[in-house]
Amino acid sequence: MRSRNFWLLSCVAISLLGAGKRPPGLGDVTDVRLFDHPSYSRVVIELSREAQYEARLLEQPPRLYLDIEGVWIEETFRGPREAKKDSPLAQVRGGQNTLERARIVMDLHDARRDYRIFTLKKPYRIVVDVPRGAKKMPPVASNDSTFDLRPVRRVVIDPGHGGKDPGAIGSGNIREKDVVLRVSKALRQRLTREGFEVFLTRDNDRYKTLEARTQFANRLNADLFVSIHANASPNKKTHGVETYLLDTRYDRQTARVAARENGTTIDRLNEVQKILASLRLGYNERFAARLAEKSHKSLLSGLRSNHSGTKDLGVKRGPFLVLFMADMPAILVELGFVSNKQEAKRLKTDKFTQNAARGIANGIVRYRDDHARSLVAGR
Ligand SMILES: [Zn+2]
């Protein structure tokens with residue numbers, strides 16, 4: 001009799017929970033998003049307000065769950081949502097564990113011990129990263145160590161190409177890899193003087209893969225990533241300066257540039273685009289866009305101080321692998337066209353190197369100062 005009563009009571013309790021009358025005064029889950037990064041899968045749980053949470057890892061079957069106190073999750077966000085085939089996650093599902101506690105369950109393909117959790121603000125988000133394969137997740141020191149909540153201090157400059165990869169070769173045998181290394185070194189000097197901690201992905205003529213470059217920045221937990229390049233075009237008349245940030249959308253001109261910088265063909269660009277299409281880029285896009293605007297504007301005025309005819313090709317968006325793999329706000333700068341005779345001549349000069357470095361550095365300083373102001377204002 002006792003067990004029957006218990007069973008009945010359980011049924012009532014479950015159906016009550018199922019019917020889920022939402023108690024007043026709770027926060028809400030406002031979105032659950034999945035991201036696929038080359039080295040980890042990320043689940044972002046967005047809430048209408050801050051909340052206490054607890055994570056637990058279980059082995060049979062392997063899953064990681066997150067209990068979020070004082071929060072309600074609506075049907076729309078309960079899923080289950082299947083992760084991509086090669087993700088360490090099988091699926092993500094949510095439910096109301098008690099009337100006042102939401103639970104998010106991440107079903108895993110195998111038992112693992114490594115994951116990281118951190119929070120972001122405005123809007124409040126709980127971020128869970130699960131590494132692919134046997135990769136270790138770097139720890140997140142505290143909630144405030146994420147890039148949108150801390151001051152901008154550490155910058156990784158990435159001089160494109162190097163070693164066996166000369167990049168674009170232009171008029172008078174000018175090589176992209178040499179131009180971008182000179183500008184990157186000058187940029188390091190200026191940024192260091194401005195109080196930044198600056199790292200170069202290479203400071204001599206050697207080859208490094210795109211993965212190694214971004215891994216370097218990710219490991220350093222850098223605040224910004226700036227990849228420096230020079231452009232080339234079959235049309236020898238084309239000249240000017242452009243700055244890129246990551247996006248799935250692009251035009252034909254951009255496809256050509258992205259394919260070249262990715263070391264791939266335009267056809268294979270579709271693969272990159274497919275990966276990108278599965279992502280919501282909003283995460284650090286806002287910051288990258290601000291950085292691109294400031295850096296570009298300032299680079300242009302730096303170059304125009306010596307050559308007023310420097311053409312503004314604008315801030316553009318494209319599927320650049322090196323930007324995609326960076327964990328922090330990242331931009332790619334195209335300093336000018338080595339394929340254009342006049343521009344190639346200028347790209348070689350010390351004046352150009354200094355003006356370009358000064359321009360980009362001033363833009364980064366402006367970005368840092370604006371960012372610091374917004375931190376104080378709590379925006
Ligand atoms: Zn390049």
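Of the 61 residues in the largest nonpolar core, which touch the most other members? This is a predicted model, and the first view has the answer.

**View 1. Val155 and Ile331 in the largest nonpolar core.** These are the two residues that touch the most other members of this 61-residue core. Take Ile331 and skip its neighbours within four places in sequence: Ile331 is still in contact with Val226, Thr243, Tyr244 and Leu245, and also with Ala288, Leu291, Ala292 and Ser295. There's a second core too, separate from this one, with 24 residues, including Ile45, Leu47, Ile73 and Ile126. As a bit of background, nonpolar side chains tend to be buried together in soluble globular proteins.

**View 2. The protein chain as a whole.** Before the remaining close-ups, here's the setting: the protein chain has nine helices and 16 strands. It runs to 379 residues, and 38% of them count as buried. Look at contacts between residues at least 6 apart in sequence, and 73% of those join residues at least 24 apart.

**View 3. An open sheet of five strands with mixed pairing.** Reading across, the order is E5-E1-E2-E10-E9. Strand E5 (71-72) and strand E9 (116-120) are the edge strands, each pairing on one side only. Starting from the E5 side, strand E1 (residues 27-36) runs parallel to E5, and two bridges join them. One place to look is Gly27, whose bridge partner in E5 is Val71. E1 and E2 pair too, but in the antiparallel sense and over seven bridges. Here you'll find Asp36 opposite Ser41 in E2. Carry on across the sheet and strand E2 (residues 40-47) meets strand E10 (residues 125-131), again antiparallel, with seven bridges between them. Arg42 has Asp129 in E10 as its bridge partner.

**View 4. Another open sheet of five strands, this one with antiparallel pairing.** The order here is E3-E4-E8-E7-E6. At the edges are strand E3 (53-58) and strand E6 (81-82); each has a single partner strand, so one side of each is left without a neighbour in the sheet. For E3, zoom in on its pairing with strand E4 (residues 63-69): the two run antiparallel and six bridges join them. Glu54 stands opposite Asp67 in E4. If you're following side chains along a strand, remember that in a regular strand they alternate between the two faces of the sheet.

**View 5. Helix H4 and its buried residues.** Which residues of helix H4 (residues 252-262) are buried? They are Val257, Ala258, Glu261 and Asn262. These four sit on the same side of H4, because they cover an arc of only 125 degrees around the axis. Just after the helix comes Gly263, with a positive phi, near 70 degrees.

**View 6. Asn235 in a loop.** The loop in question lies between strand E13 (224-231) and strand E14 (241-246). Is Asn235 buried or exposed? Asn235 has 10 C-beta neighbours inside 10 Å, so it counts as exposed; the cut-off for that label is 12 or fewer. Now find Ser339, which is 104 residues away from Asn235 along the chain. In the model, the C-alpha atoms of Asn235 and Ser339 are separated by 7.9 Å.

Note on methods. Residues numbered from 1 in each chain as written. Predicted model: local features only at pLDDT ≥ 70, side-chain atom pairs only at ≥ 80, totals over all residues. Pairing = 2+ DSSP bridges. Buried ≥ 20, exposed ≤ 12 C-beta atoms within 10 Å, placed from the backbone. Arc of directions from axis to C-beta. Contact = placed C-beta atoms within 7 Å. Core = buried A, V, L, I, M, F, W, Y, C linked by C-beta atoms within 7 Å.
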